[in-house]
Amino acid sequence: NIPLLHIAEPTGKAIQEKGLKNVALLGTKATMSSPYLPELFSARYGLVITVPTEKQQDLIDGVIFGEISYGQFTEASRKAYLEIIDDLVARGAQGVILGCTEIPLLVSQADRPEIPMFDTLRLHAKAAAMMAAHE
């Protein structure tokens, strides 16, 4: 009897509210390389998901597990993430899903104000609080 709120639900709704059709997905390599989230976002929200290249995925994953998870936030890694985001936008992404809860500790909306970024942790937590308040 406990309701389930999948993290993709508030993220997909937020993307739809912005009127976007193609968004990039950043996360762990398992998240970026799996068809699960792209298929879910496509089926439920009509979205096209653009993922980083394999080399970019390796870099993103390495920073998550080798730096961020240890509380290390380097300017070189932040710059590399922003270069990947810029590349994804050049490839057609209109926004970016920050699909690993640690990524917003390294990059944020303030880094690229013109590119909508969707912090899945923040969106999920807000939706869960709203859901709990209305139960």
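1. A good place to start is Gly19, which sits just after helix H1 and takes a positive phi of about 75°. Please keep in mind while reading that this is a predicted model.

2. Helix H1 itself deserves a look, since its buried residues are Ala8, Pro10, Thr11, Gly12, Ala14 and Ile15. If you turn the model to see what covers them, you will find that the buried residues of H1 pack against strand S1 (22-26), helix H3 (36-45), strand S3 (95-98), strand S4 (117-119) and helix H6.

3. The pairing of H1 with H6 can be described in some detail. Helix H1 spans residues 8-17 and helix H6 spans residues 120-133; their axes lie 8 Å apart and make an angle of about 105°. Angles of 65 to 115 degrees count as roughly perpendicular, so H1 is roughly perpendicular to H6.

4. Which residues in H1 and H6 meet? On the H1 side they are Pro10, Thr11 and Ala14, and on the H6 side Thr120, Leu123, His124 and Ala127. By type, the residues of the contact of H1 with H6 comprise four nonpolar, three polar and no charged.

5. Leu5 brings the segment before H1 into the picture, for that is where this residue is found. Is Leu5 buried or exposed? Its relative accessibility is 18%, and the cut-off for buried is under 20%, so Leu5 counts as buried. Setting aside neighbours within four places in sequence, Leu5 is in contact with Pro10, His124, Ala127, Ala128 and Met131. Ala127 lies 122 residues from Leu5 along the chain, yet the two C-alpha atoms are separated by 8.1 Å.

6. Leu40 belongs to helix H3. This leucine counts as buried at 8% relative accessibility. Apart from neighbours within four places in sequence, the residues in contact with Leu40 are His6, Ala8 and Tyr45. For a sense of distance, Leu40 and Arg78 are 38 residues apart in sequence, and 28 Å separates them in space, C-alpha to C-alpha.

7. Leu82 is placed in helix H5, which covers residues 75-90. With a relative accessible area of 6%, Leu82 is buried. What does Leu82 touch, not counting residues up to four places away in sequence? The answer is Val107, Asp111 and Arg112. Leu82 and Val107 are 25 residues apart in sequence, with their C-alpha atoms 7.5 Å apart in space.

8. Now for the chain as a whole. It holds six helices and four strands, and from the N terminus on the order of the elements is α-β-α-α-β-α-α-β-β-α. The radius of gyration is 15 Å, close to the 14 Å that the globule rule gives for 135 residues, so the chain is as compact as a globular protein of that length. Along the principal axes, the C-alpha trace spans about 45 × 30 × 30 Å.

9. Two totals say how the chain is held together in terms of contacts and burial. Among contacts with a separation of 6 or more, 73% are accounted for by residues 24 or more positions apart. As for burial, 41% of the 135 residues count as buried.

10. Last, the surface. The chain exposes about 7400 Å², and carbon and sulfur atoms supply 56% of that area.

Terms used. Residues numbered from 1 in each chain as written. Predicted model: local features only at pLDDT ≥ 70, side-chain atom pairs only at ≥ 80, totals over all residues. Heavy atoms only, no water. Helix = DSSP H or I, 4+ residues; strand = E, 2+ residues; numbered from the N terminus. Buried < 20%, exposed > 50% of the residue type's maximum accessible area, 1.4 Å probe, protein only. Contact = heavy atoms within 4.5 Å. Axes fitted to C-alpha atoms, helices over the stretch in contact; angles between N-to-C directions. Parallel < 35°, antiparallel > 145°, perpendicular 65-115°, else oblique. Nonpolar A, V, L, I, M, F, W, Y, C, P; charged D, E, K, R; others polar. Rg over C-alpha atoms; globule rule 2.2 N^0.38 Å. Areas by Shrake-Rupley, 256 points an atom, 1.4 Å probe, with all protein chains shown as cover.
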